[in-house]
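Good morning, everyone, and thank you for making the time. I would like to walk through one model with you, beginning with its strands, then turning to pockets, cysteines and aromatic rings.

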Amino acid sequence: MFEQEVSPAATAVRVRATVAYDGAGFAGFAAQKEGPPTVEGTLADAIGRVLGQPVELTCAGRTDAGVHAWGQVVSFDADEARLDTEALERAVNKMLRPAIAIRDVRVADADFDARFSATSRRYRYTILNQTVPSPFVAAASWWIDRPLDLAAMRLACDPLIGEHDFSSFCRRPSPEATLVRRVVDATWESAGSEDVCLLRFWIEANAFCHQMVRSIVGTMVDVGLGRRRAGDVAAIIRALDRAAASNIAPPHGLCLWEVRY
């Protein structure tokens with residue numbers, strides 16, 4: 001319980017923080033009344049304890065259970081008299097390390113909103129593509145032991161660019177919800193070394209619907225394995241049917257990398 005509440009006369013300022021977290025131990029970002037811990041609940045509690053006041057967080061993207069973040073952005077209001085951004089960063093990181101870390105915190109414009117002020121979000125999905133698994137990258141990558149055709153997977157990215165109805169790749173939250181999104185970039189890269197063979201999928205869009213990236217990656221992997229052709233992706237998009245796409249990729253390979261404003 002907090003010792004003090006913010007008085008009506010207190011001057012509130014809008015705060016913006018960039019947050020990284022390992023999603024393995026959390027039931028997603030969004031707070032829940034009951035159940036396992038969430039990133040939002042854990043982070044809001046820590047910030048509130050440091051500031052001596054309750055805070056309500058707004059995030060750029062609600063990541064699912066097991067999904068990581070390097071560049072998640074949150075915003076909240078705080079009493080200006082109690083706010084020391086450097087002290088807040090140090091204290092929260094000491095409390096929540098290593099699972100959650102504030103990478104940057106600053107006072108923002110009064111109308112800044114982590115969600116609605118964002119112009120795009122960028123995600124990264126990592127695959128370990130080799131016959132032998134690696135315990136050092138297992139927590140943040142999907143291990144696939146059969147060779148993937150990287151050239152074919154790159155070709156499969158082309159139909160994603162632009163504004164489309166991504167119903168085939170998303171879980172619809174309600175019948176009236178729109179699943180139209182604008183993808184500005186999608187590409188695969190080889191990021192391996194002598195010890196590991198990593199493939200990374202980068203995708204940036206104005207927004208993403210539920211499970212969109214993981215569904216796209218699952219379909220791309222089927223292209224890489226020869227189960228589908230790169231040209232099939234355009235037809236899958238036009239189908240507007242979730243059953244047309246492949247199974248979703250596991251969550252632990254996905255990371256919210258960056259949010260642009």
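Let me start with strand E5, residues 120-129, which runs antiparallel to E10 and is joined to it by six bridges. I should say at once that this is a predicted model, so please hear everything that follows as a description of that prediction. Within this pairing, Tyr-125 has Leu-254 as its bridge partner in E10. Strand E10, residues 254-260, also pairs with strand E3, residues 68-79, but here the sense is parallel and there are two bridges. On that side, the residue of E10 that partners Ala-69 is Leu-256.

These three strands come back when we look at the pockets, and I will take the second largest one before the largest. Its volume is about 200 Å³, and 16 residues line it, with His-68, Arg-124, Ala-140, Cys-255 and Trp-257 closest to the centre. Which elements give two or more residues to that lining? They are E3, E5 and E10. By class, the lining of this second largest pocket divides into nine nonpolar, five polar and two charged residues.

The largest pocket has a volume of about 1000 Å³. Its lining is made up of 36 residues, and those nearest the centre are Ala-60, Gly-61, Arg-62, Arg-115 and Phe-208. Strand E2 (58-59), E5 and H4 are the elements that give two or more residues to this lining, and the largest share, three residues, comes from H4. The lining of the largest pocket holds 19 nonpolar, seven polar and ten charged residues.

Now to the cysteines, where the count comes to one disulfide. It is formed by Cys-170 and Cys-209, whose sulfur atoms are 1.8 Å apart. Cys-170 sits in the loop between strand E7 (162-165) and strand E8 (180-190), and Cys-209 in the loop between strand E9 (198-205) and helix H4 (212-224), so the bond ties together parts that are 39 residues apart in sequence. Are these two cysteines buried or exposed? Both Cys-170 and Cys-209 are buried.

Cys-197, by contrast, is in no disulfide, and the nearest cysteine sulfur, that of Cys-157, is 17 Å away. With a relative accessibility of 30%, Cys-197 counts as partly exposed. Cys-255, which we met close to the centre of the second largest pocket, is likewise in no disulfide, the nearest cysteine sulfur being that of Cys-59 at 14 Å. Cys-255 is buried, because its relative accessible area is 9% and the cut-off for buried is under 20%.

Finally, the aromatic rings, of which a search of the whole structure finds eight pairs. One of these is Tyr-21 with Phe-29, a tilted pair at 6.3 Å centre to centre and 40° between the planes. Tyr-21 is buried at 4% relative accessibility, and Phe-29 is buried at 2%. Another tilted pair is Phe-112 with Tyr-261, whose ring centres lie 5.0 Å apart with the planes at 55°. This pair links distant parts of the chain, since Phe-112 is in the loop between strand E4 (100-107) and E5, while Tyr-261 is in the segment after E10, 149 residues apart. Phe-112 is buried at 9%, whereas Tyr-261 is partly exposed at 32%. Lastly, Trp-70, Trp-202 and Trp-257 form one aromatic cluster, and Trp-257 also belongs to the residues closest to the centre of the second largest pocket.

Key:
Residues numbered from 1 in each chain as written. Predicted model: local features only at pLDDT ≥ 70, side-chain atom pairs only at ≥ 80, totals over all residues. Heavy atoms only, no water. Disulfide = S-S within 2.5 Å. Helix = DSSP H or I, 4+ residues; strand = E, 2+ residues; numbered from the N terminus. Buried < 20%, exposed > 50% of the residue type's maximum accessible area, 1.4 Å probe, protein only. Pairing = 2+ DSSP bridges. 1 Å grid on protein atoms, 1.4 Å probe; cavity = no way out; pocket = protein on both sides within 12 Å on 5 of 7 lines; lining within 4 Å. Points joined across faces, edges and corners; volume = space filled by probe spheres on them. Nonpolar A, V, L, I, M, F, W, Y, C, P; charged D, E, K, R; others polar. Phe/Tyr/Trp six-rings, centres within 6.5 Å; stacked < 30°, edge-to-face > 60°.
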